[in-house]
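Colleague: Could we go through the sheets, the helix packing and a pocket of this model in turn? Please give the criteria as each term arises.

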Amino acid sequence: MSDSVYLGSKEAAERLQMTARRVIGLCSEGKIEGAFREGRNWKIPEDSVQAMAAELKARKKCGKEKSQKLLPCAVGNTSYMEIARDCYYVDKTLLIRDLIDDHSAVTLFTRPRRFGKTLAINMLRTFFEKTDEDTSVYFRDKKIWKCGKRYRSLQGTYPVVFLTFKDVKFNTWKDSLEAVRLVLKDEYKRHTELAESDRLDADDRDYLNRMIKGALSEVEYTRALLCLTRMLEKHHGSKVIILIDEYDTLIQQGHNRGFYNEVITFMRNFLSGGLNDNDSLAFGVLTGILRVFKENLFSGLNNPTVNTVLDEKYSEYFGFTGEEVDAMAAYYGCSDKLGEIRTWYDGYRFGKTEIYNPWSVTNYFNNNCQPRAYWANTSDNEIIQEMMRGLTPEIAEELLLLMQGKTVQASLNMEVIYPRISDGPDTIFSFLLIAGYLKPVHEAVETEFGTFVELQLPNMEIRRVYNTEILSWLRGSMEGNAMSEIEKSLYLNDGDRLKTALQKYMISCISSFDGAAEGFYHGMVLGLVASMSSRYYIRSNRESGNGRFDLQMEPKTRNLPGIIMEFKAAKAAEKDQLSELAADGLKQISDRLYDTDMQERGITDIVKYGIAFAGKDVEVKM
């Protein structure tokens, strides 16, 4: 042994083309022969590293023949049984252990879309539900099975109510309620044991029959959870688990389509009936994007446990951890791609845990390691568009900072409700964090005035998403592409073309009541020039000379001119004053020496614009 050569975890990682963290994990699991800990460091035999490197190389060299023997990635499949049996499964079964240990009556998990919520709910159902099939076979090789008899004894022992509202997306409350009725009817029909049960009384059988026939009133449907759990307890002699996936999809749809009050009233009674003081309830688990608490949605509910992206507990169960991605890359012979995977899909932070986007990582491996923005366009972006319509100069500037890789400070409101989703920067940035468009750089700071956190974009994919979802409403789809026209006019120093492009954009994209204060137009233009941030440093409301300019665009290369804009606004009825106002804006730039900063940095080619707005009319002087 004295003649053996030992490597540290960092050097071993370089030779194995994996992260040091993954190497340490392999050592801890005893998978690198002869490795041992000395103090805080690992000593790893060079021979063992060489043998493992050769094995990994041989695995990769097998190419197509070998890949055919590998389990496929489960893209878009949320059936736990199918994935656990037929696909590569990232083991999240310790979620079961933690829920059992916590003894919480109701737990709500809020996570971004496509972060494994539906699969997790399906896993819980498969584990706990009492069925004729022996479903323990789907867990015997999983982590939960190694946790001991206490946990294994609960497998397959509960009646389960399982509901998902992820596909209830209709334009009216009438159609949405009909869809909810069908979801409930299907769940009642799934419990075939109730139809022949001799333990139900006459009222139970009447309600069950009318549910199957679709003959219940709206008020009676609000009792569907309560009634079903009571019937199941009577029949099985066991308390019931309630699992509800994407509980807030219907609420978001109600907000988008104008029936928010109706859906809130229904869901408040529906959820409270099943989850509040229900003696038949063992425990309940819900998933969604937002915690809609301020609407008293869970009124009377006894201290529900809410777990958000800021909480450390349960943080590793939604999304992939670094160790899980390392193992997945090694399995598919792609450890040399880890740097690319990190750049594109890493960077989320749930509690203190570093998290990868599971949807995107799975798609990446499934598409021969092609880096793309897989998360983009996986759902509608109406909420994003609504927030952007209320864009102010301050919010637009912070969005630009984020797109340039910088951070912003925000006071968080983790109880965002849909009608208030665009109420100022704190609410907007809170929603973007909750929905997965931002990440906390450090742990949030709790003060007597609120929760404060530093935010930034998580990764390359989200930067792409910002350009497609966050800014797409600005680009619009009208003929000629207004944003492109505005960019061209600025690059060409063409004031008339800029005026035409702005006019066309406002006529096509803003409503009549949007044309109001100068701040609105300021924010609008700031958003419209956002796509030019790769060539310009874009600044708003900064001091220069003898005042504060409205908008400054400092070129990153000397072959482009600097740009300064000053905005003025009048009432729509005063649009005949636009030419004079635009001239005033242009004069203000010169009188107050707004070009001082750029002049001092050696930029002498500077184009100045005075731009005046009234309603949907605009005038440009340069």
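Modeller: An open sheet of three strands comes up at the outset, with antiparallel pairing and the order E9-E11-E10. Strands (E, at least two residues) and helices (H or I, at least four) are DSSP runs numbered from the N terminus, and two strands pair if DSSP finds at least two bridges between them. The model is predicted: local features need pLDDT of at least 70 and side-chain atom pairs pLDDT 80 or more, while totals for chains, interfaces and linings use all residues. Residues are numbered from 1 along each chain as its sequence is written, and side-chain values use heavy atoms, with hydrogens and water left out.

Colleague: Which strands stand at the edges of this sheet?

Modeller: Each edge strand has a single partner strand, so one side of each is left without a neighbour in the sheet. The edge strands are E9 (320-321) and E10 (348-350).

Colleague: What is the bridge partner of arginine 349 in E11?

Modeller: E10 pairs with strand E11 (residues 353-356) in the antiparallel sense, over three bridges. Within E11, the partner of arginine 349 is glutamate 354.

Colleague: What is the order of the open sheet of five strands?

Modeller: The pairing in this sheet is parallel. E5 (160-164) and E8 (305-307) pair on one side only and are the edge strands. The order is E5-E6-E7-E4-E8.

Colleague: Which residue in E7 stands opposite phenylalanine 109?

Modeller: Strands E4 (residues 106-110) and E7 (residues 281-288) run parallel and are joined by five bridges. Opposite phenylalanine 109, in E7, stands threonine 287.

Colleague: What angle does the direction of helix H7 make with that of E6?

Modeller: H7 (residues 117-128) packs on the sheet and touches E4, E5, E6 (240-245) and E7; contact means heavy atoms within 4.5 Å. Axes are lines fitted to C-alpha atoms, for helices over the stretch in contact, and angles run from 0 to 180 degrees between N-to-C directions. The angle between H7 and E6 is about 165°.

Colleague: Is H6 roughly parallel or roughly perpendicular to H7?

Modeller: The axes of H6 (residues 94-102) and H7 come within 10 Å and cross at roughly 70°. Angles under 35 degrees count as roughly parallel, over 145 as roughly antiparallel, 65 to 115 as roughly perpendicular and the rest as oblique. That crossing therefore makes H6, relative to H7, roughly perpendicular.

Colleague: How many residues of the contact of H6 with H7 are nonpolar?

Modeller: Ala, Val, Leu, Ile, Met, Phe, Trp, Tyr, Cys and Pro count as nonpolar, Asp, Glu, Lys and Arg as charged, and the others, Gly among them, as polar. H6 contributes Leu95, Ile96, Leu99 and Ile100, and H7 contributes Ala120, Met123, Leu124, Phe127 and Phe128. With no polar and no charged residues in the contact, the nonpolar count is nine.

Colleague: How do H15 and H17 lie, roughly parallel or roughly antiparallel?

Modeller: The axes of H15 and H17 (residues 358-366) come within 11 Å and cross at roughly 10°. Val325, Met328 and Ala329 in H15 meet Val361, Thr362 and Phe365 in H17. Given the crossing angle, H15 and H17 are therefore roughly parallel.

Colleague: Which residues is arginine 140 in contact with, leaving aside its neighbours within four places in sequence?

Modeller: Arginine 140 lies in the loop between H7 and helix H8 (149-152). Its C-alpha is 9.2 Å from that of arginine 152, at a separation of 12 residues in sequence. Beyond those neighbours, the contacts of arginine 140 are Asp134 and Trp145.
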